[in-house]
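Visitor: I have just opened this entry and have not looked at it before. Could you walk me through a few of its details?

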Amino acid sequence: VHQWGSGQSARVFTELGQTDAHHSLSHEPLSDAEAVAQLTDINRWYAERFADLLDRLSSVEDGDGGSLLDHSAVLWCNELGNGYIHDPSEVPYVLAGGCGGALSTGRFLQLPGRAHGELFAGIGQALGLETASFGMPEVFDSALTEILS
């Protein structure tokens, strides 16, 4: 498990020529073109790191002729869909890896109204855990089985 930062990260991406903290930028309205441009640059930076990780995992053979990526689950996500208003809906997730064939890959899914806890429970099932929920069962009471093969 690797986490690049918390939702309240005060990190300033000076290597991108920025002077504002990531968290502060996320609270600017979408009408603030400069903040949106900086956030786009930050997300591109993260996407490049994510792609590099996937490339490295796919280049390492793992046992049966597959790669480490074929036998892993790698998730890139944010906890909010819109940080400006703390909106937890429409959160984008990128899930890579095959979990040894348990995950169906190469798809774009839109699943409105589903919670991140359901995704985590689905990933747990792909990893072989016998779980129907993740976190608070009264909130996240099912697994997102649409990700499974």
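Guide: We can go through the aromatic rings, a glutamine, the cysteines and some backbone angles, keeping in mind that this is a predicted model.

Visitor: Let's start with the rings. How many aromatic pairs are there in the whole structure?

Guide: A search of the whole structure turns up 5 aromatic pairs. In one of them, the ring centres of Phe-13 and Tyr-46 are 5.7 Å apart and the planes stand at 80 degrees, so this pair is edge-to-face.

Visitor: And where do Phe-13 and Tyr-46 sit along the chain?

Guide: Phe-13 belongs to the segment before helix 1, while Tyr-46 is in helix 2, which covers residues 33-58, so the pair, with its partners 33 residues apart, links distant parts of the chain.

Visitor: Are those two buried or exposed?

Guide: Both Phe-13 and Tyr-46 are buried.

Visitor: What about another pair, say Phe-120 with Phe-134: what is its geometry?

Guide: Phe-120 and Phe-134 are also edge-to-face, with 5.1 Å from centre to centre and 75 degrees between the planes. Phe-120 lies in helix 3 and Phe-134 in the segment after helix 3, 14 residues apart, and this pair too links distant parts of the chain. As for accessibility, Phe-120 is partly exposed at 24%, and Phe-134 is partly exposed at 42%.

Visitor: Back to Phe-13 for a moment. Which residues form an aromatic cluster with Phe-13?

Guide: Phe-13 forms one aromatic cluster with Trp-45 and Tyr-46. Arg-11 belongs in this picture as well, since Arg-11 lies over the face of Phe-13 at 4.0 Å from the ring centre, and the charged end of Arg-11 also sits over the ring of Trp-45, 5.0 Å from its centre.

Visitor: OK, new topic, the glutamine. Where is Gln-18?

Guide: Gln-18 is in the segment before helix 1, a helix that spans residues 22-26. With a relative accessibility of 5%, Gln-18 counts as buried.

Visitor: What does the side chain of Gln-18 reach?

Guide: The side chain of Gln-18 reaches the backbone oxygen of Gln-38, at 3.0 Å. Leaving aside residues up to four places away in sequence, Gln-18 touches Val-12, Phe-13, Leu-25, Gln-38, Asp-41 and Ile-42, so one ring of the aromatic cluster, Phe-13, turns up again here.

Visitor: Now the cysteines. How many disulfides does the structure hold?

Guide: The structure holds 0 disulfides.

Visitor: Why is there no bond for Cys-77?

Guide: The closest cysteine sulfur to that of Cys-77 belongs to Cys-99 and is 15 Å away, which is too far for a bond, given that a disulfide needs the sulfur atoms within 2.5 Å. In terms of accessibility, Cys-77 is partly exposed at 39%, whereas Cys-99 is buried at 9%.

Visitor: And the backbone angles you mentioned: what is phi of Cys-99?

Guide: Phi of Cys-99 is near 50 degrees, a positive value in a residue other than glycine. For background, most residues other than glycine have a negative phi. Cys-99 is placed in the loop between strand 4 and helix 3, the latter being residues 116-126.

Visitor: What about phi of Glu-90, and where is that residue?

Guide: Phi of Glu-90 is near 55 degrees, again a positive value in a residue other than glycine. Glu-90 lies in the loop between strand 3, residues 74-77, and strand 4, residues 93-96. Its relative accessible area is 76%, so Glu-90 is exposed, whereas Cys-99 is buried.

Definitions and conventions. Residues numbered from 1 in each chain as written. Predicted model: local features only at pLDDT ≥ 70, side-chain atom pairs only at ≥ 80, totals over all residues. Heavy atoms only, no water. Helix = DSSP H or I, 4+ residues; strand = E, 2+ residues; numbered from the N terminus. Buried < 20%, exposed > 50% of the residue type's maximum accessible area, 1.4 Å probe, protein only. Polar contact = N/O pair within 3.5 Å; in protein donor to acceptor, adjacent residues only side chain to side chain. Contact = heavy atoms within 4.5 Å. Phe/Tyr/Trp six-rings, centres within 6.5 Å; stacked < 30°, edge-to-face > 60°. Lys NZ or Arg CZ within 6 Å of the ring centre and 35° of its normal.
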